[in-house]
Amino acid sequence: MEVTGSTYLGDYVHGRIEGKGRYTLPTETKYNGKMKDGMFHGKGTLYFPNRSKYEGIWDCGISKEGKYTFADGLEFKDKKWHYCDGYDRRFYTEICSGLKPAGISQLTNLDPPRTIPTGCYDCGDGFYNPNTRVVIDYKLRFLRNADDDEHEWIIRTCRKGWDEITGYKPKH
C-alpha cells in the first residue's frame with residue numbers, strides 16, 4: 001500500500017485485508033465497509049473528496065448495485081431523471097432554493113462557481129488544460145491525461161476559464 005500511496009485501517013485475516021475497514025486511496029477517496037481478500041466485498045460506501053458518495057454492495061471489487069449521491073444531497077437516478085434535463089435546465093440548488101432574480105445568472109450548481117485558471121476548462125472533477133491534455137483536481141493535483149474523446153468532449157461542453165464574445169459582431 002505504501003507503494004500506491006493508499007492506507008488501510010481495519011481487520012486482517014491471515015495477513016490479508018479482510019473484514020470491516022477503512023481504505024483511503026491516494027486521491028483522498030475513502031472506502032468504509034467490508035473487505036475480502038483485499039477487495040471491496042459486501043456493503044460499503046465510497047466517499048469522494050468533493051463530498052459526494054457512492055453506497056453499494058460489492059462482489060470481489062465490483063459494484064453490483066448502489067446509489068450515488070452528489071455533494072449537495074441530490075441522488076442520481078438512471079431512470080426518470082428530472083435534474084437539468086432538456087425540459088428543466090435548473091441546477092439542483094435552484095430547485096431547492098429557488099431561482100435568482102432576473103439578470104443574475106447561476107453558472108454552476110456551486111454558487112459562486114469556482115474560478116477556472118486562464119486557458120483551462122472546468123470538467124466536473126477538476127480543471128483541464130487543453131495544451132498539456134492534463135486534468136488536475138480542484139486542489140491542483142494530477143488526476144489523469146485526457147484521451148482524444150475526453151479532450152473533444154471537454155472542449156465542446158465544459159465551462160471555460162476565459163471570456164469569449166459570442167453573438168452579433170458588427171462589420172467595420
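This report describes two sheets, and a helix that packs on one of them, in a predicted model.

## The six-stranded sheet

Six strands make up an open sheet, and their order is S1-S2-S3-S4-S5-S6. The pairing within this sheet is antiparallel. Strand S1, residues 7-13, and strand S6, residues 62-69, occupy the edges. Each of these two has a single partner strand, so one side of S1 and one side of S6 lack a neighbour in the sheet. From one strand to the next, the twist averages 10°.

## Pairing of S1, S2 and S3

Strands S1 and S2 are antiparallel and are paired over six bridges. Across this pair, Thr 7 lies opposite Thr 24 of S2. The hairpin formed by S1 and S2 has two residues between the strands. In that hairpin, His 14 adopts a positive phi near 55°.

Strand S2 covers residues 16-24 and strand S3 covers residues 30-36; six bridges join the two, which run antiparallel. Thr 24, which faces Thr 7 across the S1 and S2 pair, also stands opposite Lys 30 in S3. Tyr 23 is placed opposite Tyr 31 in S3. Five residues lie between the strands in the hairpin of S2 and S3. Within this hairpin, Glu 28 has a positive phi near 75°.

## The five-stranded sheet

Another open sheet contains five strands in the order S10-S9-S8-S7-S11, with antiparallel pairing. Which strands stand at the edges of this sheet? They are strand S10, residues 142-145, and strand S11, residues 159-160. Because each has a single partner strand, one side of each remains without a neighbour in the sheet.

The partner of S11 is S7, which consists of residues 121-122. S7 and S11 are joined by two bridges in the antiparallel sense. Here Asp 122 is found opposite Arg 159 in S11.

## The helix on the five-stranded sheet

Helix H2, formed by residues 148-157, packs on the sheet that contains S7 and S11. The strands that H2 touches are S7, S8, S9, S10 and S11. Of these, strand S8 spans residues 127-129 and strand S9 spans residues 134-136. The direction of H2 makes an angle of about 110° with the direction of S8.

How values were computed
Residues numbered from 1 in each chain as written. Predicted model: local features only at pLDDT ≥ 70, side-chain atom pairs only at ≥ 80, totals over all residues. Heavy atoms only, no water. Pairing = 2+ DSSP bridges. Helix = DSSP H or I, 4+ residues; strand = E, 2+ residues; numbered from the N terminus. Contact = heavy atoms within 4.5 Å. Axes fitted to C-alpha atoms, helices over the stretch in contact; angles between N-to-C directions.
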